[in-house]
Amino acid sequence: METKKLIKQVNNQDVMDTRDVAKMIGKTHAHLMRDISRYINDILTDPKLDSLDFFIESSYEDAKGEVRKCYLLTKQGCEFVANKLTGKKGTIFTATYVGLFNQYQAEHNGKMIGTDKNLTRENLEFKLKWLAEMRKQNINKDHQLRNEDAKIWLELANVADDYGERRMATEMRNEAINTMTSLPVGGQREYTASEIANKLGVSAIQIGKWGNKLGIKRDQHLSYRTPEGAWRYFPEALKVFQDNALEIQDDDLGL
């Protein structure tokens, strides 16, 4: 999609159609329309808040030529919707709409320069939002947090590519590289039970069993458990397994 097809001006405001927003956030148009109606009727009721600063009622003709209702979202409206999304979806949508609005403004003003400062500020905002979300999920190990942070930057870069935001995509990939290179020593390598089992010539089940027996799973400096329930072992844990390899191998053979 091109920026000019997604952003347009109505009443001197840059806006985006709910049909496009729905596709970006993975909702049906009807579902998003229902949500926005609820936001207007239940939340934006304060006299100090004008719903038209967020959502502008509009319409379109469907494939049958029938007139259907839609909304036009200002940048504030997109921010409102993004804040109601949880986790990665909100982060990705934030990255997308910020880039599209900034790009449109740059093109509309007849210049392609001057967006970098805005992008940097916005990038920091949604990066902090993502990190806060990760910490809410109790992922408190620095190396794992940075690994997940790098993954989301790469996902955001792919989304930016999809919308033709090459500069933003490059920025995000650079962030991923910077994040990975800042990993603490010893945190760059993790082993699964299967990887250690292959090194010792035993089964992954034995690694799990001996991880408990040797106290490796009780030591946060040797291992940790992912949110999905899988165990990851650090290099120091691998050494403990290797030091006890003969016993583990004999146990695996039933000796």
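A residue is taken as buried when its relative accessible area is under 20%. By that criterion, 44% of the 255 residues in the protein are buried. The model is a predicted one. It holds twelve helices and six strands. Among contacts with a separation of 6 or more, 57% join residues 24 or more positions apart.

Four of the strands form an open sheet. Their order is β1-β2-β4-β3, and the pairing is antiparallel. Strands β1 (7–10) and β3 (55–61) stand at the edges. Each has a single partner strand, so one side of each lacks a neighbour in the sheet. From one strand to the next, the twist averages 45 degrees.

The pairing can be followed strand by strand. β1 is joined to β2 (residues 13–17) by four bridges, and the two run antiparallel. Ile-7 has Met-16 of β2 as its bridge partner. Val-10 is bridged to Gln-13, also in β2. β1 and β2 form a hairpin with two residues between the strands. In this hairpin Asn-11 takes a positive phi near 55 degrees.

On to the pairing of β2 with β4. Two bridges join these strands, which run antiparallel. Met-16 has Leu-73 as its bridge partner in β4. Asp-17 is bridged to Leu-72 of β4. Met-16 thus appears in two pairings, with Ile-7 and with Leu-73. Four of the five residues of β2 are buried, so this strand is largely enclosed by the rest of the structure.

β3 and β4 are joined by seven bridges and also run antiparallel. Tyr-60 stands opposite Arg-68 in β4. The two strands form a hairpin with five residues between them. Gly-65, in the turn, has a positive phi of about 85 degrees.

Helices pack on this sheet. α2 (residues 18–25) lies across β2, β3 and β4 (67–73). The helix runs at about 60 degrees to β2. α3 (residues 29–43) also packs on the sheet, where it touches β3 and β4. The direction of α3 makes about 60 degrees with that of β4.

The two helices also pack on each other. A pair of packed helices is described by the angle between the axes and the distance between them. For α2 and α3 the angle is about 110 degrees, and the axes are 9 Å apart. An angle of 65 to 115 degrees counts as roughly perpendicular. α2 and α3 are therefore roughly perpendicular to each other. The contact brings together Thr-18, Arg-19, Val-21, Ala-22 and Ile-25 of α2 with His-29, Leu-32, Met-33 and Ile-36 of α3. Of these residues, six are nonpolar, two polar and one charged.

Nonpolar side chains tend to be buried together in soluble globular proteins. Here the largest nonpolar core has 41 residues. Met-16, Phe-55 and Phe-93 have the most contacts inside this core. Two or more residues each come from α2, α3, β4, α4 (75–84), α5 (87–108), α7 (142–162) and α8 (166–181). The most come from α5, which gives eight residues.

Phe-55 illustrates how this core is connected. Neighbours within four places in sequence are left aside here. Phe-55 is then in contact with Ile-36, Tyr-39, Ile-40 and Leu-44. The contacts of Phe-55 also include Tyr-71, Leu-72 and Leu-73. Gly-77, Phe-80 and Val-81 complete the list. Apart from the largest core lies another, of 16 residues. Among its members are Tyr-191, Ala-197, Leu-222 and Phe-241.

Met-172 is placed in helix α8. This residue is buried, with a relative accessible area of 0%. Glu-155 lies 17 residues from Met-172 along the chain. The C-alpha atoms of the two residues are separated by 8.9 Å.

Terms used: Residues are numbered from 1 along each chain as its sequence is written. This is a predicted model: local features need pLDDT of at least 70, side-chain atom pairs count only at pLDDT 80 or more; totals for chains, interfaces and linings use all residues. Side-chain values use heavy atoms; hydrogens and water are left out. Two strands pair if DSSP finds at least two bridges between them. Axes are lines fitted to C-alpha atoms, for helices over the stretch in contact, and angles run from 0 to 180 degrees between N-to-C directions. Contact means heavy atoms within 4.5 Å. A nonpolar core is a set of buried Ala, Val, Leu, Ile, Met, Phe, Trp, Tyr and Cys residues joined through side-chain atoms within 4.5 Å. Buried means under 20% relative accessible area, exposed over 50%, partly exposed in between (1.4 Å probe, protein chains only). Angles under 35 degrees count as roughly parallel, over 145 as roughly antiparallel, 65 to 115 as roughly perpendicular and the rest as oblique. Ala, Val, Leu, Ile, Met, Phe, Trp, Tyr, Cys and Pro count as nonpolar, Asp, Glu, Lys and Arg as charged, and the others, Gly among them, as polar.
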